[in-house]
Amino acid sequence: MSKKKMMKAARFYKVNEPLKIEEIPIPSPGPDEVLVKMKATGICGSDVHIAFEGVTPTGFLPITLGHEPSGVVAEPGANVTEWKEGDRVVVSSIVTCGKCYNCLRGRESICIRKKLLGIHLNGGLAEYMLAPRENLIAIPGNVPFDQASTCTDAVATPFHALITVGKMKLGDTVAVIGLGGLGLHAIQLAKLGGASKIIAVGRTPSVIERAMKAGANLSVNVSEGNPAQKVKELTDGYGVDLAVELVGTQDMIALGADCLRQGGRLVVAGLGPANIKVMPPTIFVRQELDIVGSYGWDRREVATLLQLVATGQLDLSGSVSQRFALEDVNTALENLRDRVGRPVRLVIVQD
Ligand SMILES: [Zn+2]
Ligand SMILES: [Zn+2]
């Protein structure tokens with residue numbers, strides 16, 4: 001097989017410098033790896049944090065970013081029999097050891113040796129990427145690559161928070177705090193999972209309106225009056241069974257706790273640097289409240305989401321706000337940083 005030897009890759013060198021589009025050698029897969037030709041790679045808020053704020057440490061420099069990749073198998077490694085050239089796949093970017101206590105308990109997002117493709121290892125903002133064979137998940141049916149790529153993080157992270165960690169049940173009342181891309185997907189999933197009331201909690205009227213279109217029944221604007229009181233009023237004075245916080249700030253987390261009914265659960269999935277401070281134990285203990293963190297996703301969740309999209313139960317057609325060529329990755333990063341047009345997801349697409 002005659003193969004191209006070089007490929008384009010968008011590489012991160014230094015905070016606040018544009019990613020460099022470089023020609024580098026196409027890597028060869030090890031025996032248990034697969035080389036994937038990229039079709040669509042989503043840009044995430046974490047990429048903005050890396051590129052402009054230096055928040056997330058990368059494994060080495062320069063590194064190819066991109067942790068929401070999808071594409072087709074280009075070359076399976078010598079031991080790989082389950083994938084063949086041309087298979088349509090997404091790559092789940094959390095690389096786990098499969099052997100630690102957390103992996104054995106099925107909690108792979110907190111594997112003690114986990115590494116992320118596109119953060120600690122080269123990722124999908126390139127023409128090709130390498131992935132461990134276990135990290136590939138087949139794209140079923142006619143799910144387009146750009147929508148499939150969002151299932152690896154932008155939809156999988158709220159799925160993990162709402163369903164796996166939050167244990168949402170049919171009929172639960174749910175508050176979603178933070179109405180960016182993760183929040184919109186959380187609302188769609190809460191609706192699909194049979195929440196009886198979905199309260200969208202946000203700050204910007206146009207964003208709240210978009211959340212209502214995505215499936216929320218009620219809304220609370222945090223910049224008006226007492227938002228926790230408002231959530232209680234909207235739930236017959238009780239508060240919600242489940243609140244999912246996707247912002248990561250002290251005030252929004254405290255608000256999430258204050259929105260709960262007795263015995264309710266708050267899932268914090270927003271990442272922020274400030275300490276969490278909620279109510280005194282006289283309330284927290286007496287009401288048996290449950291506050292729990294949620295990080296990342298598991299491969300099973302990505303596979304489940306792809307099935308839901310393939311069967312038409314989950315509509316992600318509105319989730320890809322804009323598509324960019326690999327050469328324009330820096331424009332995409334700047335637009336996401338500046339929230340130009342309030343994007344849900346910006347995706348880099350390639351032929
Ligand atoms: Zn991400
Ligand atoms: Zn592990």
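These are my notebook entries on a predicted model of one protein.

**Entry 1. Overall form**

I began with the protein as a whole. Its secondary structure comes to 11 helices and 18 strands. I then looked up the radius of gyration, which is 20 Å; the globule rule gives 20 Å for 351 residues, so the protein is as compact as a globular protein of that length. Along the principal axes, the C-alpha trace spans about 70 × 40 × 35 Å. I noted that 49% of the 351 residues count as buried. For contacts with a separation of 6 or more, I find that 69% come from residues 24 or more positions apart.

**Entry 2. Domains**

I next took the domain assignment. It gives domain 1 as 6-153 + 297-349 and domain 2 as 157-293. Domain 1 is thus written in two segments, 6-153 and 297-349. The C-alpha centres of the two domains lie 28 Å apart. I looked up the contact between them: domain 1 gives 11 residues to it and domain 2 gives nine residues. On the side of domain 1 that touches domain 2, I list four nonpolar, two polar and five charged residues.

**Entry 3. The six-stranded sheet**

I traced an open sheet of six strands and wrote its order as S13-S12-S11-S14-S15-S16, with parallel pairing. At its edges I find strand S13 (218-221) and strand S16 (290-293), each of which pairs on one side only. From one strand to the next the twist averages 20°.

I checked one pair in detail. Strand S15 (residues 260-268) runs parallel to S16 and is joined to it by four bridges. Which residue in S16 is the bridge partner of Arg 265? I find Asp 290 there.

Then I looked at helices against this sheet. Helix H5 (residues 181-192) lies across three strands, namely strand S11 (173-177), strand S12 (197-202) and strand S14 (240-245). H5 runs at about 170° to S11. Helix H6 (residues 205-214) also packs on the sheet, where I see it touching S12 and S13. The direction of H6 makes about 160° with that of S12.

**Entry 4. The three-stranded sheet**

I turned to another open sheet, this one of three strands in the order S2-S1-S4, and noted its antiparallel pairing. Strand S2 (20-25) and strand S4 (63-64) stand at the edges; each has a single partner strand, so one side of each has no neighbour in the sheet. Between strand S1 (residues 6-12) and S4 I count two bridges, in the antiparallel sense. In one of these, Phe 12 has Ile 63 of S4 as its bridge partner.

Just before S4 in the chain I checked the loop that follows helix H1 (45-53), since Pro 62 lies in the loop between H1 and S4. Is the peptide bond that joins Leu 61 and Pro 62 cis or trans? I find it cis, with omega about -10°.

**Entry 5. Positive phi outside glycine**

I looked up two residues with positive phi that are not glycine. Asp 236 has phi near 55°. I place Asp 236 in the loop between helix H7 (227-234) and S14. Is Asp 236 buried or exposed? It is exposed, because I find 10 other C-beta atoms within 10 Å of its own, and the cut-off for exposed is 12 or fewer.

Glu 288 has a positive phi of about 45°. Its place is in the loop between helix H9 (281-284) and S16. With 9 C-beta neighbours inside 10 Å, Glu 288 also counts as exposed.

**Entry 6. Ile 43**

I closed with Ile 43, which is found in strand S3 (residues 33-43). Ile 43 has 27 other C-beta atoms within 10 Å, and is therefore buried, the cut-off being 20 or more.

Which residues does Ile 43 touch, not counting those up to four places away in sequence? I list Ala 332, Leu 333, Leu 336, Leu 346 and Ile 348. For one of these contacts, that with Leu 346, I looked up the separation. Ile 43 and Leu 346 are 303 residues apart in sequence, yet their C-alpha atoms are 5.6 Å apart in space.

How values were computed
Residues are numbered from 1 along each chain as its sequence is written. Chains are lettered from A and ligands numbered from 1 in the order in which they are written. This is a predicted model: local features need pLDDT of at least 70, side-chain atom pairs count only at pLDDT 80 or more; totals for chains, interfaces and linings use all residues. Two strands pair if DSSP finds at least two bridges between them. Axes are lines fitted to C-alpha atoms, for helices over the stretch in contact, and angles run from 0 to 180 degrees between N-to-C directions. Two residues are in contact if their C-beta atoms, placed from the backbone, lie within 7 Å. The radius of gyration is taken over C-alpha atoms; the globule rule is 2.2 Å times the number of residues to the power 0.38. Domain bounds come from an automatic or database domain assignment. Ala, Val, Leu, Ile, Met, Phe, Trp, Tyr, Cys and Pro count as nonpolar, Asp, Glu, Lys and Arg as charged, and the others, Gly among them, as polar.
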